[in-house]
Amino acid sequence: MTTVAHIAGIGSYLPERILTNADLENMVETSDEWIIARTGISERRIAEEGQATSDLAAIAASRALDNAELTPADIDLLIVGTSSPDMIFPATACLVQNRLGMTCPAYDLNAACTGFIFGMHSGVSAIESGRARRVLVAGADALTRHIDFTDRATCVLFGDAAGAVVLERSDEPGVMGIVLGTDGSGADLLKIPGGGSAMPATHSLLDSRLHYVRMNGNEVFRFAVNAIPTATRQALEASGLELGDLDWLVPHQANQRILNTVGQRLGIPSDRVFSHVHDTGNTSAASIPLALDDLYTSGRIANGDILALVGFGAGLTWGAAVVRWTKATQSKEG
Ligand code: UT7
């Protein structure tokens, strides 16, 4: 497929409130040593009371617009990847659209932690078809709202955040190969069982804590360390590129051990596998644009660099996008 879209702007937002491993030691039977050794996570951010996913997404989206030097009126389509919407409906994207004073169509897309890559796929497709010139794609989650803070197996992992990019029609190669995958047979491995149409909210559902995230961590780990390398290779092949062409692997930030394993499996040096999971935890659909914005604002990517953005998550879902970076290096002071 001829490349017609590039990333014209990027922005992200991390809530102020920090939850450290020491804080968690006072809440559940865990230790800083265990969390660091098994996940690499040291702290994560928690949305303030009253701060919902749309609030996080609106800030990130507004920053992406500023970075692209565009206004809300320049955007033809807004997509928000999230699995922790403000409400079951309306879509969180509608709330973001209103907050930013946009008038374009806006919808949510739920591919859990892979939501941003699925959103990029939809955004690029809209541009390629000629139906849109510029698409704002956000990944935003306040997943800690759905975490059981008495369950040590999950409560140490997640944090809240949002990230966004402006995709724009372009002549130069930008977003290259994108691959997506789904295996619904793994739906039970990671889910929030209650609160939907299968198990509507009742007192007994709340008493059973079925409105919280349930996860088979070992199986999800096994899935992740296979899905990331496979998706990366497929997206590179779809782009006519090879592993040696990659400047950065930017994987979903879930667990440092997953990042180490996929780097080894792909033969990519650890200093080319981006990680800030230590400071953010797993921010679900926000994770990849947040990581990309960190790379960009810290001056570590330059115009022409080749990046593989790779996600995995509940569904099961996975996806990868190979991107040729088309923005100037951000000044380290900026
Ligand atoms: O976006 C996708 C999101 N999900 C993921 O990426 C999850 C992928 N999976 C993982 O990251 C890892 O499987 C975990 C970090 C969730 C768990 O690490 P693990 O090395 O697979 O540990 P485990 O589940 O096999 O548990 C080992 C032990 C157990 O104790 P016993 O049965 O050996 O006595 C757990 O009860 O560690 C215990 N444990 C803890 N201990 C202290 C589990 N959580 C904790 C904890 N603190 N927070």
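Student: Which residue in S13 is the bridge partner of Gly181?

Tutor: Trp318 is the bridge partner of Gly181. A word on the source before we go on. This is a predicted model, in which local features need pLDDT of at least 70 and side-chain atom pairs count only at pLDDT 80 or more, while totals for chains, interfaces and linings use all residues. Residues are numbered from 1 along each chain as its sequence is written, and side-chain values use heavy atoms, with hydrogens and water left out.

Student: What do labels such as S13 stand for?

Tutor: Helices (H or I, at least four residues) and strands (E, at least two) are DSSP runs, numbered from the N terminus. Strand S13 covers residues 317-324.

Student: How do I read a sheet, and which strands sit at the edges here?

Tutor: Strands of a sheet pair through backbone hydrogen bonds, either parallel or antiparallel. Two strands are taken to pair if DSSP finds at least two bridges between them. One open sheet here has 4 strands in the order S8-S13-S12-S11, with mixed pairing. Its edge strands are S8 (175-182) and S11, each pairing on one side only. From one strand to the next, the twist averages 10°. S8 and S13 run antiparallel and are joined by 6 bridges, whereas S11 and S12 run parallel with 4 bridges. Within S12, Ala308 is the bridge partner of Leu249.

Student: What packs on that sheet?

Tutor: Helix H5 (residues 115-128) does, touching S8, S12 and S13, and its direction makes about 125° with that of S8. Contact means heavy atoms within 4.5 Å. For the angles, axes are lines fitted to C-alpha atoms, for helices over the stretch in contact, and values run from 0 to 180 degrees between N-to-C directions. Helix H11 (residues 287-297) lies across S11 and S12, running at about 145° to S11.

Student: How many strands does the open sheet with the order S1-S7-S6-S4-S5 have?

Tutor: That sheet has 5 strands, with mixed pairing. S1 (5-13) and S5 (106-109) are its edge strands, and its twist averages 20° from one strand to the next. Strands S4 (residues 77-81) and S6 (residues 134-141) run parallel, joined by 5 bridges. Leu78 has Leu136 as its bridge partner in S6. H5 packs on this sheet too, touching S1, S4, S5, S6 and S7 (161-169), with its direction at about 170° to that of S6. H11 also packs here, touching S1, S6 and S7, and makes about 95° with S1.

Student: Which way do the side chains of S11 point?

Tutor: In a regular strand the side chains alternate between the two faces of the sheet. Trp248 and Val250 point one way from S11, Leu249 and Pro251 the other way, and all are buried. Buried means under 20% relative accessible area, exposed over 50%, and partly exposed in between (1.4 Å probe, protein chains only).

Student: How do I read burial in a helix, and where are the buried residues of H9 around its axis?

Tutor: An α-helix has 3.6 residues a turn, so residues three or four places apart point the same way. The buried residues of H9 are Ile258, Leu259, Val262, Gly263 and Leu266. They cover an arc of only 130° around the axis, so they lie on the same side of H9. The arc is that of the directions from the helix axis to the C-beta atoms. Their cover includes H8, S11 and S12 (306-313).

Student: What caps the N-terminal end of H9?

Tutor: Asn255 does, with a side-chain oxygen 2.7 Å from the backbone nitrogen of Arg257. A polar contact is a pair of N or O atoms within 3.5 Å; within protein, one must be able to donate a hydrogen and the other to accept it, and residues adjacent in sequence count only if both atoms are side-chain atoms. Asn255 sits in the loop between S11 (248-251) and H9 (256-266). Asn255 counts as buried because its relative accessibility is 9%. Leaving out residues up to four places away in sequence, Asn255 touches Arg38, Thr39, Phe221 and Val277.

Student: Is Ala235 in H8 buried or exposed?

Tutor: Ala235 is buried, with a relative accessible area of 1%. Neighbours within four places in sequence aside, Ala235 is in contact with Gly177, Val179, Ala320, Ala321 and Val322. The C-alpha atoms of Ala235 and Ile178 are 5.5 Å apart, although 57 residues separate them along the chain.
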